[in-house]
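Work through the exercises below with the coordinates open, and try each task before reading its solution.

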Amino acid sequence: YVAILTPIAYDLIRDLSFGERFHCLDNAEYDPFVKSIQAISKELTFIQMLAYYKLLSLRQLFMPKAFAGARAQNMQRVIETVNRRVDRNTDRKDFLHYILAAMETEKGMSRAEMNVNAFSFSIAGSESSATALSAFTYYTLSRVSVYDRLVAEIRGTFDAYEQIDIPSTAQLSYLNAVLQEMLRIYPPVAVTLPRVVPVNSAVIDGDFVPAGVTVGVNHFACYHDPRNFH
């Protein structure tokens with residue numbers, strides 16, 4: 001599933017974000033950005049381990065050459081994509097259109113923030129979305145009662161493809177329940193998303209945590225702990 005859905009998701013997110021057609025599905029080939037995502041995951045794992053053991057200054061000695069610098073290379077690809085979109089100066093209502101329009105206000109992003117966010121939704125919109133859709137397909141098809149109820153809800157709500165849009169699908173209670181449960185069982189983001197303790201420190205689960213410390217909650221562990229569910 002992932003092999004098929006990843007190029008589909010990447011084509012969609014790049015079109016929606018930057019108004020560019022990458023034709024990954026047509027060419028049956030991954031874009032270099034998508035190809036390097038696995039290398040980025042390995043690089044970030046090494047960086048986290050080196051940071052934990054306070055060896056980050058020696059990263060050049062320990063980092064395997066096969067994926068060293070993968071994230072920086074992908075960041076450069078995103079910057080070039082953003083630059084092309086800005087230079088086109090089109091009125092097309094893609095994601096960058098609204099970000100660029102907001103840059104004239106106090107709530108606007110800096111160019112660096114825009115690049116970082118473009119990097120994030122390029123990954124989230126491709127690999128993570130494909131992983132989620134693959135899990136949704138697998139778990140739905142392996143449970144006949146769920147599949148039958150989903151089909152009944154969807155076909156009982158829509159008479160034509162043209163009726164299907166975001167507002168109408170938001171009303172499908174069982175579909176959305178299945179999506180939520182799929183995200184619980186098989187969260188597509190495997191890493192612990194980091195948050196930095198603010199300057200006034202914090203007390204987390206009864207323990208004092210000083211300012212500047214990086215903390216996070218692992219999704220899989222959290223979603224599979226029976227203490228979190230009534």
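**Exercise 1.** Determine which helices the buried residues of α9 pack against, and establish how the buried and exposed residues are arranged around α9.

*Solution.* In this predicted model, the buried residues of α9 pack against α8 and against α11, the latter spanning 173–185. The residues concerned are V146, L150 and E153, which are buried in α9. These three cover an arc of only 65° around the axis, which puts them on the same side of α9. Turning to the face of α9 that points away from the buried side, one finds the exposed residues V144, S145, A152, R155 and G156.

**Exercise 2.** Check whether the distance between the end C-alpha atoms of α9 agrees or disagrees with the span expected from its number of residues.

*Solution.* Helix α9 comprises residues 144–157, that is 14 residues, and at 1.5 Å a residue these should span 20 Å. The expected span counts one less than the number of residues. The end C-alpha atoms of α9 are 20 Å apart, so the two values agree.

**Exercise 3.** Classify the aromatic pair formed by F46 and F67, locate both residues along the chain, and assign each a burial class.

*Solution.* A search of the whole structure finds eight aromatic pairs. In one of these, F46 and F67 lie 5.5 Å apart from centre to centre with 50° between the planes, and the pair is tilted. F46 belongs to helix α4 (residues 37–52), whereas F67 lies in the loop between α5 (59–62) and α6 (70–88), and the pair thus links distant parts of the chain, 21 residues apart. F46 has 26% relative accessibility and therefore counts as partly exposed, while F67, at 11%, counts as buried.

**Exercise 4.** Carry out the analysis for the rings of F95 and F121.

*Solution.* The ring centres of F95 and F121 are 5.8 Å apart and the planes stand at 85°, so the pair is edge-to-face, the cut-off for that class being over 60 degrees. This pair, too, links distant parts of the chain, since F95 is in helix α7 (residues 95–102) and F121 in helix α8 (residues 111–141), 26 residues apart. F95 counts as partly exposed because its relative accessibility is 35%, whereas F121 is buried, with a relative accessible area of 18%.

**Exercise 5.** Which residues do ring pairs link into a cluster with F33, and which residues lie over the rings of F33 and F229?

*Solution.* Ring pairs link F33 with Y10 and F119 into a cluster. R14 lies over the face of F33, at 5.9 Å from the ring centre. Over the ring of F229 sits the charged end of R184, 5.2 Å from the centre of that ring.

Key
Residues are numbered from 1 along each chain as its sequence is written. This is a predicted model: local features need pLDDT of at least 70, side-chain atom pairs count only at pLDDT 80 or more; totals for chains, interfaces and linings use all residues. Side-chain values use heavy atoms; hydrogens and water are left out. Rings of Phe, Tyr and Trp (its six-membered ring) pair if their centres lie within 6.5 Å; planes under 30 degrees apart count as stacked, over 60 as edge-to-face and the rest as tilted. Helices (H or I, at least four residues) and strands (E, at least two) are DSSP runs, numbered from the N terminus. Buried means under 20% relative accessible area, exposed over 50%, partly exposed in between (1.4 Å probe, protein chains only). A charge sits over a ring if NZ of Lys or CZ of Arg is within 6 Å of the ring centre and within 35 degrees of the ring normal. The arc is that of the directions from the helix axis to the C-beta atoms. Contact means heavy atoms within 4.5 Å.
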